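Trainee: I should like to go through this model with you, one helix and one cavity at a time. May we begin once it is on display?

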Amino acid sequence: MQKLFVDFVPEGKIELNEEQSRHIAKSLRMRVGDMLTLTCGDGNDYGCIIDEIDAGQVILSVCYQQANNSEPSVKVTLLQGVPKGDKMEDIIQKCTELGISAIKPVLTHRAVSRPDEKSARKKQTRYQKIALEAAQQSGRGIIPEVCEMQSLKKAIENDTSELKILFYEGGGEPLTSLINKDIHSVSIYIGPEGGFEQNEVEMIKDNGGVIATLGSRILRTQTAPVAALTAIMLLTGNLE
């Protein structure tokens with residue numbers, strides 16, 4: 001069933017905004033009497049029926065409420081070295097589908113892409129929209145936050161996750177020895193195309209980070225977070 005995120009779900013009737021109404025009427029070609037699901041990040045899904053519909057406005061009636069069961073038991077934050085081109089868009093989309101909780105683009109020494117403040121804000125707006133669309137498509141209960149671009153040092157200092165994992169081409173611990181179903185929060189560090197410098201690796205380790213491996217093959221920067229997140233979700237029982 002189609003899912004949409006809204007700011008809140010009132011009792012009785014709800015009017016969708018113009019963009020959502022246009023999407024329902026024009027793109028999805030839904031009709032009066034069709035059902036869809038609303039969620040506002042409160043842990044519940046709300047089944048709604050379309051009462052009125054046109055290109056500019058859709059009015060729904062809330063029919064039932066049920067707990068959302070699509071969110072994983074572990075909160076995973078991705079600290080991603082800023083890659084070139086549109087790779088970050090693919091990372092955000094796929095990781096949102098897989099259950100990421102937050103994504104923090106970080107500037108590292110070897111990052112080639114270094115947008116100025118204005119460009120970074122524009123990119124963040126674009127990234128958050130991608131997260132929204134992916135969350136709706138995959139039936140998520142929340143929209144993962146795509147944070148503002150920040151330095152690796154600042155991101156490390158603000159990292160309060162229970163487990164911090166640096167994936168490094170130099171090898172490390174297997175995920176099976178680090179992850180279990182009792183883990184509640186994990187941060188994963190992925191470098192840009194050129195990887196992390198040694199002093200950056202040491203900085204993460206000094207803040208409690210553990211070096212881990214994703215196998216003997218070197219993965220691309222846009223492949224590594226998807227592989228890591230999939231493995232974490234499997235090991236924590238969130239792909240059963």
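Trainee: Which elements do the buried residues of α6 pack against?

Mentor: This is a predicted model. In α6, the buried residues are A224, P225, A228, L229, I232 and M233. Their packing partners are β6 (75–81), α2 (87–98), β10 (163–167) and β12 (185–190).

Trainee: Why are the buried residues on the same side of α6?

Mentor: An α-helix has 3.6 residues a turn, so residues three or four places apart point the same way. The buried set in α6 consists of A224, P225, A228, L229, I232 and M233. They lie on the same side of α6 because the arc they cover around the axis is only 155°.

Trainee: What distance does α6 reach from its first C-alpha to its last?

Mentor: Helix α6 spans residues 224–235, which is twelve residues. At 1.5 Å a residue, the expected value is 16 Å, and the helix comes close to it. The reach from the first C-alpha to the last is 16 Å.

Trainee: Which residue with a positive phi follows α6?

Mentor: The phi in question is near 80°. The residue is G237.

Trainee: Which helix gives the most to the lining of the largest cavity?

Mentor: The search of the whole structure finds one cavity of 30 Å³ or more, and about 40 Å³ of space lies in the largest cavity. Its lining comprises P105, A120, K123, Q124, Y127, C147 and M149; by class, five are nonpolar, one is polar and one is charged. With four residues, the helix that gives the most to this lining is α3 (residues 117–138).

Key:
Residues numbered from 1 in each chain as written. Predicted model: local features only at pLDDT ≥ 70, side-chain atom pairs only at ≥ 80, totals over all residues. Heavy atoms only, no water. Helix = DSSP H or I, 4+ residues; strand = E, 2+ residues; numbered from the N terminus. Expected span 1.5 Å × (residues − 1). Buried < 20%, exposed > 50% of the residue type's maximum accessible area, 1.4 Å probe, protein only. Arc of directions from axis to C-beta. Contact = heavy atoms within 4.5 Å. 1 Å grid on protein atoms, 1.4 Å probe; cavity = no way out; pocket = protein on both sides within 12 Å on 5 of 7 lines; lining within 4 Å. Points joined across faces, edges and corners; volume = space filled by probe spheres on them. Nonpolar A, V, L, I, M, F, W, Y, C, P; charged D, E, K, R; others polar.
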